[in-house]
Amino acid sequence: MPALNADDRLQAFFDLCPDLACIRDRDGYFQELNGVWEQVSGWSLPELRSRSWWDFIHPDDVEMTWELEQQSAEHPPRCPLQYKHRFLCKNGSYRWLTWRWSPPREGICLGIARDVTERQWRGSSDYRNTVREAVKLRDRAIEASTVGIVIADATLPDMPLIYVNPAFERITGYSAAEVLGTNCRFLQGEENQQPVLDDLRAAIKAGESCTVILRNYRKDGKFFWNELAISPIYDDRGILTHFVGVQSDVSDRIQAEQALRREKHKSDRLLLNILPETIAEQLKEARGTLAEQYSNTAILFADLVGFTPFSAQMQPLELVSILNDIFSRFDRLAEKHGVEKIKTIGDAYLAAGGLPIPREDSLEAIANMALEMPDEIQKFNDSTGQNLQLRIGIETGVVVAGVIGIKKFIYDLWGDTVNTASRMESQGQPGKIQVTERVARLLPKKYILERRGIISIKGKGRMTTYWLIGSQ
Ligand SMILES: Cc1cc2nc3c(=O)[nH]c(=O)nc-3n(C[C@H](O)[C@H](O)[C@H](O)COP(=O)(O)O)c2cc1C
């Protein structure tokens with residue numbers, strides 16, 4: 001490889017130099033400049049070459065620069081001439097440059113400058129004042145904060161508090177003097193096994209941020225909900241040095257949320273008293289029409305025989321109280337057999353099996369309930385000295401069930417199966433359970449049935465019906 005000549009070597013150094021390198025002639029014009037000039041000053045190299053070097057120097061620095069240059073020209077120093085001045089950039093701002101000039105030879109000087117604007121600004125009293133003001137402002141902001149702010153030293157054993165702001169003192173009732181040097185866990189009182197503490201411990205161990213809501217106690221023993229957010233602080237070497245904790249008393253919010261949950265629970269329970277759970281859920285989500293067809297249902301009608309004359313001698317309130325007693329017994333039976341109570345109609349009771357959640361044994365469930373209902377009436381009669389009797393009718397088949405309309409929701413049933421069950425009841429006999437032929441056919445063998453015969457059913461014509469007597 002041929003050796004580089006002196007010019008090429010100089011050029012290579014020029015181009016590689018990370019600082020501003022230049023050669024200036026005796027008239028003060030740049031002869032050579034490296035590319036760094038363009039990055040620092042914003043001028044293009046031709047623009048820099050087109051004007052005298054002196055044009056770029058800050059007016060306040062020209063005199064000082066001139067004197068130093070003169071002295072150097074008169075008594076050329078052995079070492080490079082050094083000084084610092086401000087250099088005009090294309091955008092009108094000035095940048096501080098520290099210069100090193102070679103002694104002039106035949107009017108030519110080689111110079112290297114370094115941009116020290118940042119360092120100059122940091123060392124200036126303006127900068128120090130700005131920083132001092134900013135720090136003061138930050139301290140005031142922390143003191144004025146309405147949330148508690150604490151700093152714990154992560155380099156000391158047990159991470160003691162080294163700073164607490166006035167809001168922390170207000171929230172907890174403890175003064176800074178009382179708590180500095182201790183770990184913040186004292187706020188938990190006896191409750192140091194709260195499940196959320198596991199998250200907090202894990203975050204502290206991993207040196208990570210975390211937000212938890214803790215049960216804490218003030219100095220006066222009063223309980224409060226503390227929303228605590230901790231954040232780690234790492235030094236320049238990546239070592240965890242501190243944790244900052246921000247505390248807010250969120251008791252009002254938590255209590256409001258708890259009250260809201262209680263109210264919701266209450267209203268949910270009320271709603272479930274009126275509607276089956278699945279229907280209530282759909283209604284809450286306002287999902288389309290709520291009437292659905294169910295193919296395998298069993299419908300039961302039960303009527304209190306003789307209740308009308310019996311009730312004629314009674315005060316309305318007393319009457320309702322008796323009905324309430326009897327129907328509550330039936331409600332408990334419905335619950336026991338997994339049957340849906342649909343409604344009461346005067347002194348009649350309507351229940352259905354196999355909806356809104358379909359089940360294979362809906363007919364058996366209804367039959368079992370029907371067989372236990374007379375016992376409940378007997379118990380009522382025994383305790384009150386009355387002589388009420390029940391007439392029950394059952395049919396099985398397809399019904400449509402759901403909630404219709406936009407007010408006073410009620411889960412109701414429609415269809416021929418419902419009408420037939422009603423006829424089985426109304427054309428039955430006191431103390432008996434009348435069922436259709438279909439019911440008799442579909443009921444398992446263990447049920448005891450007795451053929452009643454063919455009867456004329458209003459609106460349906462002649463039908464064979466059975467009495468459901470019991471089960472083995
Ligand atoms: C910066 C910081 C602030 C904390 N502030 C509270 C606080 O306000 N209330 C509290 O119950 N625990 C607070 N803790 C948590 C406890 O100091 C402690 O870390 C926690 O109880 C788990 O540690 P332990 O298992 O040793 O008790 C804070 C932790 C840190 C790091």
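Into which domains is the chain divided?

**View 1. The whole chain of this predicted model, domain by domain.** Welcome to the overview. The chain is divided into domain 1, covering residues 6-123, domain 2, covering 140-253, and domain 3, covering 275-471. Between the C-alpha centres of domain 2 and domain 3 there are 63 Å.

**View 2. The residues around the ligand.** Here we step in to see what surrounds the ligand. Of the 21 residues around the ligand, those that come nearest are Ala152, Cys184, Arg185, Phe243 and Gly245. Two or more residues of this shell come from each of strand 6 (148-153), helix 9 (196-206), strand 8 (210-217), strand 9 (223-234) and strand 10 (240-249). Helix 9 is the element that gives the most, with four residues. Sorted by character, the shell holds twelve nonpolar residues, seven polar ones and two charged ones.

**View 3. An open sheet of five strands.** Follow the strands across this sheet and you will meet them in the order 2-1-5-4-3, with antiparallel pairing. At the edges are strand 2 (30-33) and strand 3 (81-88), each of which pairs on one side only. From one strand to the next, the twist averages 30 degrees. As background for this view, strands of a sheet pair through backbone hydrogen bonds, in either a parallel or an antiparallel way.

**View 4. Strand 4 beside strand 5.** This close-up picks out one pair from the sheet. Strand 4 (residues 94-101) and strand 5 (residues 109-115) run antiparallel and are joined by five bridges. One position to look for is tryptophan 99, whose bridge partner in strand 5 is alanine 113.

**View 5. The hairpin of strand 12 and strand 13.** Strand 12 (residues 340-345) runs antiparallel to strand 13 (residues 348-353), and five bridges join them. Lysine 341 stands opposite alanine 351 of strand 13. Two residues lie between the strands of this hairpin, and glycine 346 takes a positive phi near 60 degrees.

**View 6. Helix 14 and the glycine just after it.** Helix 14 spans residues 362-384, which makes 23 residues. From its first C-alpha to its last, helix 14 reaches 33 Å, close to the 33 Å expected at 1.5 Å a residue. The buried residues in helix 14 are Ser362, Leu363, Ala365, Ile366, Ala367, Met369, Ala370, Met373 and Ile377. A helpful rule when reading such a list is that an α-helix has 3.6 residues a turn, so residues three or four places apart point the same way. Just after helix 14 comes glycine 385, with a positive phi of about 75 degrees.

How values were computed. Residues are numbered from 1 along each chain as its sequence is written. This is a predicted model: local features need pLDDT of at least 70, side-chain atom pairs count only at pLDDT 80 or more; totals for chains, interfaces and linings use all residues. A residue is near a molecule or strand if its C-beta atom, placed from the backbone, lies within 6 Å of it. Ala, Val, Leu, Ile, Met, Phe, Trp, Tyr, Cys and Pro count as nonpolar, Asp, Glu, Lys and Arg as charged, and the others, Gly among them, as polar. Two strands pair if DSSP finds at least two bridges between them. Axes are lines fitted to C-alpha atoms, for helices over the stretch in contact, and angles run from 0 to 180 degrees between N-to-C directions. The expected span of a helix is 1.5 Å times one less than its number of residues. A residue is buried if 20 or more other C-beta atoms lie within 10 Å of its own, exposed if 12 or fewer, and partly exposed in between; C-beta atoms are placed from the backbone. Domain bounds come from an automatic or database domain assignment.
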